[in-house]
Amino acid sequence: MKFPTKAVVAAILTLAAIIPFRPASAAALAPDSSFDAPLFTRPSPATRIVLLPDGKFLRYFNTDTLVEQRTGPMTRHFPDGSLDTSFRIGGDFGAVGAAAADSQGRVIVSVLQREYGGGTEKVLRLNADGSIDPSFKVSDVGSFGVFEVQALVSLPDGNTLVSGLFSAFGGARSAGILRLLPDGTRDPTFNATATGIGPAAPAVQPDGKIVIVGSFR
């Protein structure tokens, strides 16, 4: 490796003394409005949609952005597709896995709460503006950072069916399907014994019987 000679070093020092340092002016630092910079984030399209009684719809699952703006794990849109900015979920939740709307404009969801190294899945109810409904009992499902609740079905009487691959719900053992009362507590009169239910949403017949699809043990 060759080092610069004394003559070269002297020449550099002489130029530095002749050409003084001038800080850039504020005008020189202003952004060039004619330059169309590319976006540094990409919108992640949602893969699940829930239609609401008023014609609006919810987009969720694997999404947290729209073009040029963060939106959170669920967005609500007007019938023409435009974003309803009056609805927003808190930043504590990183993802929504299942959702069902009731007749009063509220939405029951399974969400992953942001935590270091994973997340706890919870089932809760959101008000019309996306805030958590405190009158609905929040239930923990799992703490593995994955969704065990695969489907939520809102019933005409205000109850909610919950199905999935969970073996415990709200701290108690459970088969893969249960029914919640309007306040979020578990319906003690509903005691399913089938376990290992898959991701298909339950279907309710006119006589009140429930049809489910999955792998059972």
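**Strand pairing and the largest pocket**

Strands E10 (residues 149–154) and E11 (residues 160–164) pair in the antiparallel sense, with five bridges between them. The model described here is a predicted one. Two of the residue pairs in this ladder can be named: Leu152 has Val162 of E11 as its bridge partner, and Val153 is matched with Leu161 of E11. Together E10 and E11 form a hairpin in which five residues separate the two strands. Within the turn, Gly158 has a positive phi of about 95°.

The hairpin belongs to an open sheet of three strands in the order E10-E11-E14, with antiparallel pairing. E10 and strand E14 (177–180) are the edge strands, each pairing on one side only. From one strand to the next, the twist averages 20°.

Another open sheet of three strands has the order E1-E2-E5, also with antiparallel pairing. Strand E1 (48–51) and strand E5 (74–77) stand at its edges with a single partner strand each, so one side of each is left without a neighbour in the sheet. The twist in this sheet averages 20° from one strand to the next. Strand E2 (residues 57–60) is joined to E5 by four bridges in the antiparallel sense. In this ladder, Tyr60 has Met74 of E5 as its bridge partner. In a regular strand, side chains alternate between the two faces of the sheet.

Ser103 is placed in the loop between strand E6 (93–101) and strand E7 (107–115). The relative accessible area of Ser103 is 72%, and the residue is therefore classed as exposed, the cut-off for this class being over 50%. Ser103 and Pro156 are 53 residues apart in sequence, yet their C-alpha atoms are 7.9 Å apart in space. Pro156 falls between the end of E10 at residue 154 and the start of E11 at residue 160.

The largest pocket has a volume of about 160 Å³. Its lining comprises 14 residues, and those nearest the centre of the pocket are Asp102, Ser103, Ser154, Leu155 and Gly158. Ser103, in the loop between E6 and E7, is thus listed here along with Gly158 from the turn of the E10–E11 hairpin. Ser154, also nearest the centre, is the residue at which E10 ends. By class, the lining of the largest pocket divides into six nonpolar, five polar and three charged residues.

Definitions and conventions: Residues numbered from 1 in each chain as written. Predicted model: local features only at pLDDT ≥ 70, side-chain atom pairs only at ≥ 80, totals over all residues. Heavy atoms only, no water. Pairing = 2+ DSSP bridges. Buried < 20%, exposed > 50% of the residue type's maximum accessible area, 1.4 Å probe, protein only. 1 Å grid on protein atoms, 1.4 Å probe; cavity = no way out; pocket = protein on both sides within 12 Å on 5 of 7 lines; lining within 4 Å. Points joined across faces, edges and corners; volume = space filled by probe spheres on them. Nonpolar A, V, L, I, M, F, W, Y, C, P; charged D, E, K, R; others polar. Axes fitted to C-alpha atoms, helices over the stretch in contact; angles between N-to-C directions.
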